[in-house]
Amino acid sequence: MRATLCRPIAAFSILMAGLLAGCPGPPAEELDHGVVWIKLQRGTSQSDNPYVGTSKIHVTLLYLECLIDFYNANPDYQQLGVEGAPVFGSSEDGGEGWLDRLCDLDNPNKVDCTVDGFDQELDAAKQLSVVYSIEGDPEDRELPFGPIPTAELAACEAGQQPIVRVGSNGAVRGVDGNGDTLWNTEAFGPSEATTGQGRTIDIRAARSGS
């Protein structure tokens with residue numbers, strides 16, 4: 001399709017109308033994967049901010065039935081597959097490049113982060129783990145988790161959705177600069193999410209050993 005360019009128009013009234021209407025920008029990029037958002041909050045047992053001193057955050061969420069079926073039926077989309085490698089890789093790999101994209105998503109309340117790496121397990125455990133390096137205080141901020149196939153790509157059967165689940169209180173934890181666990185999840189809810197749902201998974205953290 002040939003692109004439509006904005007051109008100057010002599011007539012002042014038409015020019016003003018064009019300025020008000022604006023020249024359409026490039027179409028939004030259509031992606032086959034998305035994210036769920038995790039909001040990091042203070043546990044009810046904590047009088048002080050448990051996140052102080054956090055260097056890295058480890059998140060592991062379980063795949064539910066639709067996503068398990070998708071990756072079993074489409075091994076090329078697994079992390080090391082020919083389709084999946086550029087999804088989980090960097091932007092230089094020629095795909096969606098979620099290694100770079102995940103922490104660069106547009107959200108004014110996002111945790112300042114970079115992705116250290118992904119680890120997808122599809123044998124005994126069916127899950128995705130992400131390790132983030134962070135800057136600043138993450139309390140009451142949101143952390144993006146993914147990549148997760150969209151409903152369109154996953155093509156779930158019988159009205160299912162591509163859902164991930166928090167399986168335990170150890171699913172989200174923070175470590176300090178020495179690699180020691182600084183905080184664990186005290187409570188969470190809701191336990192499940194799918195891409196584009198809007199609502200966050202709220203994690204309430206407690207200092208390790210408290």
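How many salt bridges does the structure hold? There are three of them, and the points below take them in turn before passing to disulfides, rings and backbone; the model is a predicted one.

1. **Arg42 and Glu139.** A salt bridge is formed by Arg42 with Glu139, and the closest N and O atoms of the two are 2.7 Å apart. The pair links distant parts of the chain, since Arg42 belongs to strand S1 (residues 33-42) while Glu139 is in the loop between strand S4 (126-135) and strand S5 (142-149), 97 residues apart. Arg42 counts as partly exposed, at 27% relative accessibility, whereas Glu139, at 15%, counts as buried.

2. **Asp116 and Lys56.** Here the closest N and O atoms of the salt bridge between Asp116 and Lys56 are 2.6 Å apart. This pair also connects distant parts of the chain, with Asp116 in strand S3 (residues 112-122) and Lys56 in strand S2 (residues 56-63), 60 residues apart. Asp116 is partly exposed, with a relative accessible area of 39%, and Lys56 counts as partly exposed at 27% relative accessibility.

3. **Glu192 and Arg165.** The side chains of Glu192 and Arg165 meet in a salt bridge with an N to O distance of 2.4 Å. Glu192 is in strand S9 (residues 192-194) and Arg165 in strand S6 (residues 163-165), so that the pair links distant parts of the chain, 27 residues apart. A relative accessible area of 29% makes Glu192 partly exposed, and Arg165 counts as partly exposed at 33% relative accessibility.

4. **Cys66 and Cys156.** The count of disulfides comes to two. One of them joins Cys66 to Cys156, with an S to S distance of 1.9 Å, and the link of these residues is left-handed, with -75° about the S-S bond. Because Cys66 lies in helix H2 (residues 65-73) and Cys156 in the loop between helix H5 (151-154) and S6, the pair ties together parts that are 90 residues apart in sequence. Cys66 and Cys156 are both buried.

5. **Cys103 and Cys113.** The sulfur atoms of Cys103 and Cys113 are 2.0 Å apart and form a disulfide. The torsion about the S-S bond of Cys103 and Cys113 is about -110°, so this disulfide is left-handed. Cys103 lies in the loop between helix H4 (98-101) and S3, and Cys113 lies in strand S3, so the pair ties together parts that are 10 residues apart in sequence. Cys103 is buried, as is Cys113.

6. **The aromatic rings.** Five aromatic pairs are present in the structure. One is the pair of Tyr63 and Tyr71, whose ring centres are 5.3 Å apart and whose planes stand at 40°, so the pair is tilted. In the pair of Phe70 and Tyr71, the ring centres are 5.1 Å apart and the planes are at 70°, so the pair is edge-to-face. Ring pairs link Tyr63, Phe70, Tyr71 and Tyr77 into a cluster. Within this group, Tyr63 counts as buried at 3% relative accessibility, Phe70 counts as buried at 4%, and Tyr71 is buried with a relative accessible area of 0%.

7. **Arg101 and Trp98.** A further ring contact involves a charged side chain: Arg101 lies over the face of Trp98, at 5.6 Å from the ring centre.

8. **Cis peptide bonds.** The peptide bond from Gly146 to Pro147 is cis, with omega near 5°, and Pro147 has its place in strand S5. The peptide bond from Gly189 to Pro190 is cis as well, with omega near -10°, and Pro190 lies in the loop between strand S8 (181-189) and S9.

9. **Positive phi.** Asp140 is not a glycine, yet its phi is positive, at about 65°. Asp140 is found in the loop between S4 and S5, the loop that also holds Glu139 of the salt bridge with Arg42, and Asp140 counts as partly exposed at 40% relative accessibility. Ala155 is likewise not a glycine and has a positive phi of about 50°. The place of Ala155 is in the loop between H5 and S6, where Cys156 is also found. With a relative accessible area of 54%, Ala155 is exposed, whereas Cys156 is buried.

Conventions. Residues are numbered from 1 along each chain as its sequence is written. This is a predicted model: local features need pLDDT of at least 70, side-chain atom pairs count only at pLDDT 80 or more; totals for chains, interfaces and linings use all residues. Side-chain values use heavy atoms; hydrogens and water are left out. Rings of Phe, Tyr and Trp (its six-membered ring) pair if their centres lie within 6.5 Å; planes under 30 degrees apart count as stacked, over 60 as edge-to-face and the rest as tilted. Buried means under 20% relative accessible area, exposed over 50%, partly exposed in between (1.4 Å probe, protein chains only). A charge sits over a ring if NZ of Lys or CZ of Arg is within 6 Å of the ring centre and within 35 degrees of the ring normal. A salt bridge is a side-chain nitrogen of Lys or Arg within 4 Å of a carboxyl oxygen of Asp or Glu. Helices (H or I, at least four residues) and strands (E, at least two) are DSSP runs, numbered from the N terminus. A disulfide is a pair of cysteine sulfur atoms within 2.5 Å.
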